[in-house]
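User: Please take a close look at one part of this model, namely the empty space enclosed by its atoms. I should like a connected explanation suited to a first-year student.

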Amino acid sequence: MISHPAYAVEPWSVRETHLDLDVLAQSESVFALANGHIGLRANLDEGEPFGLPGTYLNSFYELRPLPYAEPGYGNPESGQTIVNVTNGKIIRLLVDDEPFDVRYGKLLAHERELDLRAGVLRRRAEWRSPAGASVRIRTTRLVSFMQRSAAAILYEVEPVDGPLRIVVQSELVANEAGAPEQDDPRAAAVLEAPLVAEHYFDRDTHMVLSHSTRRSKLLMAAGADHVIEGPESTEHTTESSSDVGRVTVATELADGESLRIVKFLAYGWSSQRSLPAVRDQVIGALAEARHTGWEGLLTGQREYLDRFWESADVELEGDTELQQAVRFALFHTLQAGARAEQRAIAAKGLTGPGYDGHTFWDTERFVLPVLTYTAPMAARDALRWRHATLDLARERARQLDHRGAAFPWRTIRGQECSGYWPAGTAAFHIDADIADAVARYEAATGDEEFDREVAIEILVETARLWLSLGHHDAQGRFRIDGVTGPDEYGALADNNVYTNLLAQKNLREAAAAVARHPDRAAELGADLEEAAAWRNAAENMVVPWDDQLGVHPQSENFTAHQAWDFDATSPDQYPLLLHFSYFDLYRKRVVKQADLVLALHWRGDAFTDEEKARDFEYYEALTVRDSSLSACTQAVIAAEVGHLELAYDYFGEAALMDLYDLEHNTRDGVHIASLAGAWLAAVAGFGGMRDHNGKLSFVPRLPPRLERLTFRILFRGRRLRVEVTKGEAVYTLLDGSPLEVTHHGEPVELSPNEPVARAIEQAPERPAPRQPVGRAPNRRGQ
Ligand code: BGC
């Protein structure tokens, strides 16, 4: 799978040393900048060529019809799709009348660098026009973590040999041409000209365009302001019309002279505020960015990221490629959620239109466990967003004839947007994933306000859903039938182990929350009697077991299904979903992505060591990893049961998902869950960190190819560093009050700045498990 690296390997940056137009769309995703609110794909400054143009505002969407061949009760009637909003990145350049375009003339040098500490994308180009005029262009782009509504670009141009006439056109462009529709369901529905012009104006170096959407009735504004520094002869004009704003700068540059333009960008949108209010917000944000200035924005960016890395960095000694990849992964995970502030975190973050910009369980299952320990405020805000959608989830549950809240499988603003219910609405486990993320955040931060305001309400309503979805059978056992678990090559199964075990935890946590906050519980109409019913369902939860094979079927009867014929499946028939009918996939023993193995991770407290080892081996032979959400979990459990080399291979796959474009769809946006999963593979895999019941435990073990792994986490106001080498682990509480953790099951007392070293117990030897033919993870360097 992994062939050749597209980018230079450096610990703190991703550098592309020449421009390869064949991977343009991929690199636009890889180099995308975002702060959770604004997302800019790394389209070239001059706007073309492009793979997929993309500028996004979190949750700014349009409605689109969801057509069905046959109507069905409860099918969502309309979908939501993320809109490519006004492009403020465009800066066109004319050199002695000729447009700078990498497809013409000669590109003498081209380099882009995503600096993970500075939080900027730098570009350097040297170009000779068809007429022989040469220029050097340097640009630096940032989307501010400090000023949520602001982005900025520094654009510098200078002649290489001899004077030049230079024109720079800095633009705002709405309704730019998109990319062609694709057949892949994982791509996005393309909307033609989704923005309706509402207002435009310009003055001096300043311009603002305001637009609305036709059906979702949202308003947005985009503005740009400029600081222009050039030789005395430099002039500028500004103009605007409904879909274009333009500041044109004309000058002549002698040798040694340069033109330097700082472009400040601001974006805002609202579903409620008036046009003047949204527009004025953008004008205000521009004024603020200009007041802070380019240097100030850079400094703020650096400070924000310094703080992040101090509590989140993962260091790997022995593998520089994965060192880079894991930091890249963390950077994108942060970018997806940092300033989302009660908006969703989408599967692609704000890096591309894939999956229509929808949010799935990816967020709570894979992304929030990472943010909880590295950027807890971002985790809190994402959960507050879920909380804000509770009424819609309650309505959906009513529509489906259930109690409590049924959260949508995929959505932007909270309404169910999945047009295919067996792999959508039926995946009720998303309720438990959300509840699990809520409880984890609460346990890891001790955030009491969140507990009272948010946690209890989500826990109660999700517990209610489980109680109404499941039932007690004649023996009193609690069954949850006909639901879809994480593995999307199975659907509508009875007693999916992952779903049932996570629901069990959900029910118990809801009961505990009711006991903690009886007054809040009363407001929600919950009492100890209802909580007792939840506890009873949890105690009697069915967890299927295959006695003959000595493994857990991922759902009832799964182990009895017909085997998938892997030998007859050719490499080009993967992903199977594009080549076989769901009918066939659903009734056979083939697994798209970790399901039972996912339960081994997040409900590891419900399995013995022996069960984990046997279950893992059994599912390895069936799992094809047609989802990018699988490798990281396989890494975590492979590490736990002692297959450290294999765990390392999966870690590599999760971390390199986008740098290597392993699923051939990075063009549509990076895979945020897989990237977050790289952290999980390192910290939960080789660090062996678990947080069952809010207690931190570690069973660290390094794979042969790593010399050292160091990671940091935030926990209840403390910062903890764990350094793992082959023989020992050293725990250091960097700040905060004393803490007890466990190391290989033994308690360890930690006091600030008193490192404690403990020896590592080796894992028992086991024969290496097998994967379906052709589906073993790649072993790098071989
Ligand atoms: C996976 C889902 C995931 C979705 C979005 C699908 O291919 O099977 O589990 O939520 O992609 O990432």
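Analyst: **Enclosed cavities**

The second largest cavity has a volume of about 80 Å³ (the space filled by probe spheres set on grid points joined across faces, edges and corners). Thirteen residues line this cavity, and Asn58, Ser59, Ala344, Ala346 and Gly357 are the closest to its centre. A cavity here is a set of points, on a 1 Å grid over the protein atoms alone, where a 1.4 Å probe fits but cannot get out, and lining residues have an atom within 4 Å of a point. The model is predicted, and totals for linings use all residues, whereas local features need pLDDT of at least 70 and side-chain atom pairs 80 or more. Residues are numbered from 1 along each chain, and side-chain values use heavy atoms, without hydrogens or water.

In the lining of the second largest cavity, seven residues are nonpolar, six are polar and none is charged (Ala, Val, Leu, Ile, Met, Phe, Trp, Tyr, Cys and Pro count as nonpolar; Asp, Glu, Lys and Arg as charged; the others, Gly among them, as polar).

The largest cavity has a volume of about 100 Å³. Its lining also consists of 13 residues, and His601, Trp602, Ala684, Met689 and Asp691 lie nearest the centre. This lining contains eight nonpolar, two polar and three charged residues. Three helices, α4 (362-374), α13 (596-602) and α17 (672-686), each contribute at least two of the lining residues (helices are DSSP runs, H or I, of at least four residues, numbered from the N terminus). Helix α17 gives the largest share, four residues.

Across the whole structure, the search finds five cavities of 30 Å³ or more.

Terms used:
On a 1 Å grid over the protein atoms alone, a cavity is a set of points where a 1.4 Å probe fits but cannot get out, and a pocket is an open set with protein on both sides within 12 Å along at least five of seven lines; lining residues have an atom within 4 Å of a point.
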